[in-house]
Amino acid sequence: MNWTPRRRILLVGVLALLVGYSLPGLAKQLLGAVWVRGQQFCDVPLPGLQQACSLARPAAEGLLALGLPLVFLVAVAALAWATLWCLRPVRDLAEPIAHVGPQNLGHRIRPRGRDELARLARAIDEMMERIAAGYEGQRRFAANASHELRTPLAVQRTLIEVGLGRAATEDQLELLTAQLLETNERNERLIDGLLALSESDQGLRSSTPQRLDEIVTGVLAAYQDRTTQAGVTVECRLDPRVVLGERVLLERLVTNLVENAIKYNRPGGTLTVTVGGDPALSVVNTGQVVPAEAVPGLFEPFRRLARDRTNQGGGAGLGLAIARSITQAHDGIIAARPAEYGGLRVDVHLPAPH
């Protein structure tokens, strides 16, 4: 029989009720029987027995008075053992959990049954799944960040070694300086992106009503020269929309989406930005065709559509990852899908203020 904690506690409770109900009577009967036997023994006609019984009577009465407390102590000891027996499944569950660490996050309890302890064990398994996924994501993020930082540092080192290894002309020095400056700017963008991602992951420090349409208007005005240089036409449909959040993070969210839409657009293409009810914000560009199966991966850090991780766009591959983190910090949902005529459509759903 499978002795679940519920059955163990029920059994101990029933036994405790029975013992508590019958213990006083049983104790009295037992002590009475002992006293009667003693009296019968003292009535035996033997020389000196009556005098010995008279002398032993006070001690016997004292022992009989202690009989009920002794029986009570025995019952308490039995109840303590029964309690440990009831809690043994919990101890058995705690032992493997105590040894779980980064080296064995794949450990699972996989319980059987439907009792409370089995539900608790299944909840722990589900929690371990989430922890393992988060730990693996952090490990992958650290590895990718190391790779992204190592590449420009190696380029800088090579350029410096080339410059020191031979006498360079003025034109060569100017080219070397420009390449070093470009690599340094890429490092700055990467570090800024990592800091922004870290800050957005920490959640909101404050939440106040913000006009999303005004934020979008400001970002588009700041990128007007950029869109003109890229040959991209901007189309806007901005309805008044109020959201609760931090203005700085919302500006970063819009900036990242607009910047991505310009960077991965085509000459003569369009950038359509819409602010409304639901979704609160939509950004659509007309770039290269995006396979539907590749869209979810674009929200992962350092993930780009191009196979070359050091893509010529100069980005760090953190734009959509930061946008997702900021949206989640505002209790929203961000989703993307291939646009109708190539490119990507990104929809940001944000809750309306109460």
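# Group meeting talk: a sheet, its helices and a few single residues

Let me start with the sheet. It is open and mixed in its pairing, and its five strands come in the order S2-S4-S5-S7-S6. Strand S2, residues 233-238, and strand S6, residues 333-338, are the edge strands, with a single partner strand each, so one side of each has no neighbour in the sheet. From one strand to the next, the twist averages 10°. Please keep in mind that this is a predicted model.

As a reminder, strands of a sheet pair through backbone hydrogen bonds, and they do this either parallel or antiparallel. Which way do S2 and S4 run? They run parallel, and six bridges join S2 to S4, which covers residues 270-275. If you want one pair to look for on the screen, Leu238 stands opposite Val275 in S4.

Now the overall numbers. The protein chain has eight helices and seven strands. Of its 354 residues, 33% are buried. Among the contacts with a separation of 6 or more, 68% are between residues 24 or more positions apart.

Back to the sheet, and to what lies on it. Helix H8, residues 319-329, packs on the sheet and touches S6 and strand S7, which is 344-349. The direction of H8 makes about 145° with that of S6. H8 also packs against helix H7, residues 247-263, at an angle of about 145°, and the axes of these two helices are 9 Å apart. The crossing of H7 and H8 is left-handed. Which residues meet there? On the H7 side they include Leu249, Leu253 and Leu257, and on the H8 side they include Leu320, Ile322 and Ile326.

Follow the chain out of H8 and you come to Asp331, in the loop between H8 and S6. Asp331 is not a glycine, yet its phi is positive, at about 60°. Is Asp331 buried or exposed? With a relative accessible area of 67%, Asp331 is exposed.

Compare that with another aspartate, Asp347, which lies in strand S7. Asp347 has a relative accessible area of 7%, and the cut-off for buried is under 20%, so Asp347 counts as buried. What does the side chain of Asp347 reach? It makes a polar contact of 2.7 Å with the side chain of Ser282. Leaving aside neighbours within four places in sequence, the residues in contact with Asp347 include Pro279, Leu281, Ile333 and Arg337.

Pro279 deserves a stop of its own. It lies in the loop between S4 and strand S5, which is 281-285. The peptide bond from Asp278 to Pro279 is cis, with omega near 5°.

There is also a pairing between two strands that I have not mentioned yet. Strand S1, residues 208-211, pairs with S3 in the antiparallel sense over four bridges. Thr208 stands opposite Gly245 in S3. Strand S3 itself, residues 242-245, has Val243 and Gly245 on a covered face and Val242 and Leu244 on an uncovered one. This fits a general rule: in a regular strand the side chains alternate between the two faces of the sheet.

Helices can have sides too. Helix H5, residues 212-222, has the buried residues Leu212, Asp213, Ile215, Val216, Val219 and Leu220. Why do we say they share one side of H5? They cover an arc of only 155° around the axis, which puts them on the same side of H5. The face of H5 turned away from that buried side carries the exposed residues Ala221 and Ala222. The general background is that an α-helix has 3.6 residues a turn, so residues three or four places apart point the same way.

Two last residues, both earlier in the chain numbering. Arg108 is in the loop between helix H2, 49-98, and helix H3, 116-165. Arg108 is buried, at 12% relative accessibility. The side chains of Arg108 and Glu129 are joined by a polar contact of 3.1 Å. Not counting residues up to four places away in sequence, Arg108 touches Asp125, Met128, Glu129 and Ala132.

The other is Ala78, in helix H2. At 46% relative accessibility, Ala78 is partly exposed. Its C-alpha atom is separated by 9.6 Å from that of Ala16, and the two residues are 62 apart along the chain.

How values were computed: Residues are numbered from 1 along each chain as its sequence is written. This is a predicted model: local features need pLDDT of at least 70, side-chain atom pairs count only at pLDDT 80 or more; totals for chains, interfaces and linings use all residues. Side-chain values use heavy atoms; hydrogens and water are left out. Buried means under 20% relative accessible area, exposed over 50%, partly exposed in between (1.4 Å probe, protein chains only). The arc is that of the directions from the helix axis to the C-beta atoms. Two strands pair if DSSP finds at least two bridges between them. Axes are lines fitted to C-alpha atoms, for helices over the stretch in contact, and angles run from 0 to 180 degrees between N-to-C directions. Contact means heavy atoms within 4.5 Å. A polar contact is a pair of N or O atoms within 3.5 Å; within protein, one must be able to donate a hydrogen and the other to accept it, and residues adjacent in sequence count only if both atoms are side-chain atoms. A crossing is left-handed if the near helix is turned anticlockwise from the far one by less than a right angle, and right-handed if clockwise.
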